[in-house]
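Grab a pencil and keep the viewer open. Here are a few exercises on sheets and the helices that sit against them, each with a worked solution.

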Amino acid sequence: MECERKRKLAEARSKRKPYEKEEDGDAYMGSPTDSTESAGLNRSQSTPNIAKLSSDEDEPPTPTFDRSTKPSKVVPPSELRHRDFQPVWGDVGRGLTGLKNLGNTCYMNSIIQCLNNTAILVAYFCNGQYLEHVNRSHSTRGAIAEELAAVVRALWSGQYRFIATKDLRSEVGKHQRAFRGTEQQDSHEFLTILMDWLHLDLQFTIKPPHKESLGASELAWHEYTKSKESLVLRLFYGQIRSTVRCSVCRASSATYDSFSNLSLELPAHASRCTLADCLKLYLNDEMVPGWNCPNCKEKRDAAKKLDISRLPPVLVIHFKRFYVDPKEYMCNAYRKKQTYIDFPLEDLDMRQFSLQCPENQIYNLYAVSNHYGSMEGGHYTAYCKSSVYGKWYKFDDHLVTEIPASEVRSSAAYILFYSACSRS
């Protein structure tokens with residue numbers, strides 16, 4: 001009887017094969033028995049050693065799911081539980097796994113794929129080093145970082161055609177209501193919030209510097225971090241200096257603010273422009289009326305000038321394509337600029353745009369988050385250059401296809417991801 005019971009149990013399990021039908025990109029994942037045929041993809045309405053991790057010779061390690069070889073760190077309980085990736089199996093290249101659209105989640109999928117092609121971050125998650133830094137004192141209790149790490153490891157296993165990020169999405173929705181439902185959201189907003197969550201989830205304490213030896217920029221950075229750093233902070237965060245100068249007495253006042261991405265205006269009424277045009281526009285002087293001059297002790301007209309005082313190893317640039325139509329201001333109607341922006345795929349020289357000149361101010365593009373359509377009905381994709389295969393790929397939710405480098409530039413480019421490269 002016992003042998004017969006085990007045989008029937010084995011037969012039942014063997015029938016529960018992974019579901020391989022490609023479903024509608026805008027619907028929630030159906031059950032494996034759903035017989036609805038898809039007519040194709042419907043458009044959505046929607047303290048680490050950085051130098052060591054970023055070695056050009058090292059490929060991101062292949063993640064392992066063998067729990068008998070767990071890292072020697074203390075493994076969080078969430079790492080021991082099963083995640084509902086609902087995988088569609090298939091032998092694909094490492095890092096070339098797609099992401100199921102769970103109902104207008106293309107904005108989230110686009111950003112995840114861009115981060116999944118950030119080589120240092122991939123190595124950090126795949127080799128388990130992040131486990132040393134999981135921080136439980138923040139409101140997200142380290143859960144956002146843990147769920148993203150699990151997704152990255154699955155995407156780099158090379159054994160799935162695509163997976164579902166149900167657990168990550170659920171965790172994100174717990175802490176931000178806008179990402180909980182099925183309405184279209186903005187990939188830039190998601191990225192900015194996600195960066196802050198990851199930084200707080202993976203914080204570690206560093207030895208505080210001697211304040212007396214710090215310059216104004218370094219002091220402002222120390223006051224911002226409060227000796228709490230993370231790999232995410234060290235990779236993505238930079239600093240802007242804002243200087244306001246009185247038009248009468250020429251006295252000036254400087255303040256410093258951190259950023260995880262630069263958000264750039266586009267030149268007005270331009271159908272085409274360059275990334276350099278947008279950077280110059282961002283850094284140009286701006287008139288500030290009625291500034292309280294500390295020297296004159298009166299309100300004065302002043303000029304405000306922005307400068308990049310600290311460039312990060314990974315430079316993320318966002319284009320402000322969406323704006324409120326002045327003709328429909330009371331209705332809060334947004335429109336989109338379809339401006340074609342010419343940006344370099346290699347050798348972006350940021351030395352002319354920054355105050356300091358460290359060694360690595362030349363950047364290569366490795367990912368783009370694209371937006372097609374309008375605010376009312378749009379779709380997000382990602383173009384990413386594989387660090388393993390050296391080719392560009394289009395990540396369109398669950399579909400991943402190779403593309404020529406000539407297609408990377410388009411009027412859909414919304415967020416650019418650049419990585420600093422060494423120059424001998």
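**Exercise 1.** Work out in which sense β2 and β3 pair, and over how many bridges.

*Solution.* Keep in mind that this is a predicted model. Start with β3, residues 160-163: this strand pairs with β2 in the parallel sense, and 2 bridges hold the pairing. To see the register, go to Leu99, which has Ile163 of β3 opposite. Now look for a helix: α5 (residues 143-155) packs on the sheet and touches both β2 and β3. The direction of α5 makes about 155° with that of β3.

**Exercise 2.** Put the strands of this open sheet in order, then explain why β1 and β2 have a side without a neighbour.

*Solution.* The sheet has 3 strands in the order β1-β3-β2, and the pairing is mixed. β1 (88-89) and β2 (98-99) are at the edges with a single partner strand each, so one side of each has no neighbour in the sheet.

**Exercise 3.** Do the ordering again for the open sheet of 4 strands.

*Solution.* Here the order reads β7-β6-β11-β10, with antiparallel pairing. The edges belong to β7 (252-259) and β10 (286-292); each has a single partner strand, so one side of each lacks a neighbour in the sheet. On average, neighbouring strands are turned by 35° against each other, direction ignored. Next, zoom in on β6 (residues 238-246) and β11 (residues 299-310): they run antiparallel and are joined by 8 bridges. One pair to check is Ile240 with its bridge partner Ile308 in β11.

**Exercise 4.** Which strands does helix α8 lie across, and which does α10?

*Solution.* Take α8 (residues 216-225): it lies across β6, β7 and β11, at about 45° to β7. Then α10 (residues 275-283) lies across β6 and β11, at about 135° to β11.

Conventions. Residues numbered from 1 in each chain as written. Predicted model: local features only at pLDDT ≥ 70, side-chain atom pairs only at ≥ 80, totals over all residues. Heavy atoms only, no water. Pairing = 2+ DSSP bridges. Contact = heavy atoms within 4.5 Å. Axes fitted to C-alpha atoms, helices over the stretch in contact; angles between N-to-C directions.
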